[in-house]
Every structure is written in structure tokens, then in C-alpha cells.
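Me: Please take a close look at one buried glutamine in this model and its contacts. Then work outward from that spot to the rest of the chain.

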Amino acid sequence: MARNSNDANGATRREYVLSGGSLVLAGLVAGCSGTSSDRSTETATQTDAQTEPSDGDAYSVSMAPVGEVTFDAVPETWVPYGGDFADMGVALGQADGMVGIGQSGEYHTGVYDELPGVSVDFERIAANDLVEADMSRELFYELDSDVHVIDTGMLRNWFDWSDDDIAEIRENVGPFFGNMIFRRSDEWHDYRYYTLYQAFEKMAAMFQERARFEAFETLHEEFLADLQSQLPPADERPSVFLTYEGTDEPETFSPYRLNDDGTSKKQWNDLGVSDALAGTGVENLSTENRGELDYENLLTIDPDVLLIRGHEEKSATEFRETVLGFLREHPVGGKLTAVENGRVYRGGPLRQGPIQNLFLTERAAKQLYPETFGRVTDDAELFDRQRVADIVTGAI
């Protein structure tokens, strides 16, 4: 369907998209202004039903919290909040339509360098960073995107947007469609979560790229099955403490629980490691919980492997020379088993999409089981880069 063409009722394409979203979001706004039980009931009645287009017919895709959104044509321009949904769009061949992003600093695009024919215009995207612009509604108008892949709960709870603010952008610019999936510990997120591939499937439905999604799903399942067939017995796998500390000389450590099931821990859970914080009562980092552990706390836990986030711009070697080097010289940190054995690694980004997840799972396999998969500083490849590139570029 041609962009901006008129439908049978004379409405423009943008007007049609907005009218579809308005019907659903009007109910959402009403639910959010009421009690939490009202909102839960409203959310629970939403369905995952999606309709397919036929020769220009509109189609609908449903995703919590916004519910069903109707499109009369595939969105040509779009803005994700984080690197997870950004990577999903790239995987679906939609990189050229991404005109901005919520947090460019957390969108790690280096993996695309290993995929022939795959790239994103990061400079252009980063120039339209919504968080850097303090989530300015003026930037939303300026970008004029067909759809915003942003969880409206994040806008309310992190950026103090009102229901009226959300309705204004939805009605005057484009609908919202997205869900915060990287962690599951925020009290305000009282609606459905999605796994990485469930969210990816929703994006594929929105972009009408089912074949690419299924090709990725098959590749991912085969890759994981191969890795998991080579893992040692569960009682021989290492305990892991996952934390965030972006400095080269960490003094405190923010806790991440592997049992949180957020997509940022997917590779660790897929590889069957145990959470070093199990049974300690320490909760996952969240909007409400900003507690940190010190070295004495860490020595009590004494994990086999220490994974530190906030260092994705470093190579494996650079990380070992800086962060691990500091820990080895620290009077308490140097006593940790993980430090003594050199098993301190980069913890991966907060947000990951399907392409990034393949690379991060490969890296995690080497970090956790080097005797089976090789050292993390080696160049051995555990999945086919060309196959990934073929799917992205359409040679499915």
C-alpha cells in the first residue's frame, strides 16, 4: 500500500493508523487513571490476536501495555527506546527506517561489523537521542515517526509523562508499541512481559516480516541446542554473580538476579549457570531498589565467575587489563575466587536483540566453559555469520 494514500473513507494513512490506536488507547488511559485492579483487568482483556493484511487491508498487532494497534501499511519510519528493539528491527531488515532512539549509549552496534552487508547509520540515529533530549515531545514531532516502539509505562514512570502527554503524541504523530523486557523487577510493570523471541515475533508482525523471524528462530534454536548438548552436568557448572559497575576501579556492585527472567540475562539462563545470589535475600536492581554490595559482601558470596556490566565498549583483552587488573591489586577484591582464577568478564549490555544475543551467547559460552568452547579472547566462531547476514539482507 502506498504511503499516505487515502483509504475508502478519505482518511490519510497517518490518520487511519491513529484512529485505530485511539480506540484501544482510550480504554488504556481510562484504566491508568483508575485503580491498579482496574488496570490489571483492562490489561488482562487484551489479546494477542493479530490479523494479516490482504491487498492493502489494514492489519492489527497486539502487545501489552497498549493492546491492539492497527496499521494500514507497514511502518516506514520508527523509533525504538532501547537497543533490544532496535536490534530486532535491524534483524527484520528495517534499519533504514530507524530515525532515532531512546538511549543511543546502550545500543551496541559493533556486532554488525561481522555481518557482510549489514549496517546501521548510528551517527544519524544517535543525533536523535530521546533521553539526551529529556524525552522532549518536540523531538517526537520533529522525527514524525510512523510508530514509537516504546513502553508507555516507562514514559510514565521514568520520565513523568502524563496520560495526556502520551495521547497527544499518539494522536498527532504516531502510535506507541513496545514493552520493557530487559528486567522483571519493577513494581509499576504490572502487565504482561515477553521473552526475547515473543517480543521479536510481535515486531515481525508489525513489520510484516514473518519469514525473517522464522529463519532467525530456527537458527537460534539450532545454535542453542548445539551448545546445550555440550554443557557439563548441572552440578559442575559455575555459580555466577552478575553486576553493573561502569568504572575501571569498582568499589561497589549493583546486583542483578539471574532468576529475574528479563531478556538481559537470556544467555546466562540458556547456558544453565546458577545464581550466586540464590538464598541471600538480595533483590534485583530495579526502579525501587538501588542497593549495592561492597567487597566484604562479595567475599561472603564468593562466586566462581564475576560478570561486570558497563564495559561493552572494551574488548575482552582491554577489560582484563583494566578492570580485572584493578581487582587483582585490591586488598579484598584480590581474595575473591573469581579474581584469583581470572574468571572476571564483561557482563553484557542491559538490552539485547536477536542478532546481539547470538554474539553474546557465543561470548558467554566461552566465558563460562572455556575448556569446551575456547577462550573468550580467541577468534573461534560458534555460529555462522554469513547465515545471519543472509537472513537480514533477505536471502532467506
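Reply: In this predicted model, Gln352 touches Asp84, Leu196, Thr263, Ser264, Lys266, Gln267, Asn357 and Leu360, leaving aside residues up to four places away in sequence. The residue sits in the loop between strand S9 (344-346) and helix H14 (354-368). Its relative accessible area is 0%, so Gln352 counts as buried. Two polar partners of its side chain stand out by name. One is the backbone oxygen of Thr263, reached at 3.0 Å. The other is the side chain of Asn357, in a polar contact of 2.8 Å.

Several of these neighbours lead to other elements. Take Asp84 first. Asp84 touches Gln352 and is one of the buried residues of helix H3. Nine of the nine residues of H3 (residues 83-91) are buried, so the helix is largely enclosed by the rest of the structure. Besides Asp84, the buried set includes Gly83, Phe85, Ala86, Asp87, Met88, Gly89, Val90 and Ala91. After H3 comes Gly93, with a positive phi near 80 degrees.

H3 also leads into the nonpolar interior. Val90 is among the residues with the most contacts inside the largest nonpolar core, which has 91 residues. Tyr112, Phe176, Met203, Phe216 and Ile355 are the others named for this. Helix H8 (residues 196-207) gives the most to this core, with nine residues. Leu196, a neighbour of Gln352, falls at the start of the H8 range. A second, separate core of 20 residues includes Phe253, Tyr295, Phe326 and Val332.

Ile355 ties some of this together. Not counting residues up to four places away in sequence, Ile355 touches Asp87, Val90, Ala91, Val111, Tyr112, Leu115, Phe216, Val388 and Val392. Asp87, Val90 and Ala91 in that list are buried residues of H3. Val90, Tyr112 and Phe216 are also named among the core residues with the most contacts.

Now the strand side. Gln352 follows S9 in the loop, and S9 runs parallel to S8, joined by three bridges. Leu306 stands opposite Val344 in S9. On S5 (residues 239-244), the pairing with S8 is parallel too, over five bridges. There, Phe241 has Leu306 as its bridge partner in S8. Leu306 therefore has a bridge partner in S5 and one in S9, within a strand, S8, that is largely enclosed by the rest of the structure because five of its five residues (305-309) are buried. In a regular strand the side chains alternate between the two faces of the sheet. In S8, both faces are covered. Val305, Leu307 and Arg309 are buried on one side, Leu306 and Ile308 on the other.

Charged pairs come next. Side chains of opposite charge can pair when their charged atoms come close. The structure holds 18 salt bridges. One involves helix H14, the helix after the Gln352 loop. Arg385 and Glu362 meet through their side chains at 2.7 Å, N to O. This pair links distant parts of the chain: Arg385 lies in helix H16 (residues 385-393), Glu362 in H14, 23 residues apart. Both Arg385 and Glu362 are buried. Salt bridges with shared partners join Glu114, Glu362, Glu381 and Arg385 into one network.

A further salt bridge joins the side chains of Asp275 and Arg257, at 2.7 Å, N to O. Here too distant parts of the chain are linked. Asp275 belongs to strand S7 (residues 274-275), and Arg257 to the loop between strand S6 (254-256) and helix H10 (266-270), 18 residues apart. Asp275 and Arg257 are both buried. The range of H10 also takes in Lys266 and Gln267, two neighbours of Gln352.

Asp163 and Arg156 form another salt bridge, again 2.7 Å from N to O. Asp163 has 18% relative accessibility, so it counts as buried. Arg156 counts as buried because its value is 15%. The cut-off for buried is under 20%.

Last, the chain as a whole. It has 16 helices and nine strands. Of its 396 residues, 56% count as buried. Its accessible surface comes to about 16,000 Å², with 44% belonging to carbon and sulfur atoms. Among contacts between residues at least 6 apart in sequence, 70% join residues at least 24 apart.

Methods: Residues numbered from 1 in each chain as written. Heavy atoms only, no water. Helix = DSSP H or I, 4+ residues; strand = E, 2+ residues; numbered from the N terminus. Buried < 20%, exposed > 50% of the residue type's maximum accessible area, 1.4 Å probe, protein only. Polar contact = N/O pair within 3.5 Å; in protein donor to acceptor, adjacent residues only side chain to side chain. Contact = heavy atoms within 4.5 Å. Areas by Shrake-Rupley, 256 points an atom, 1.4 Å probe, with all protein chains shown as cover. Salt bridge = Lys/Arg side-chain N within 4 Å of Asp/Glu carboxyl O. Pairing = 2+ DSSP bridges. Core = buried A, V, L, I, M, F, W, Y, C linked by side-chain atoms within 4.5 Å.
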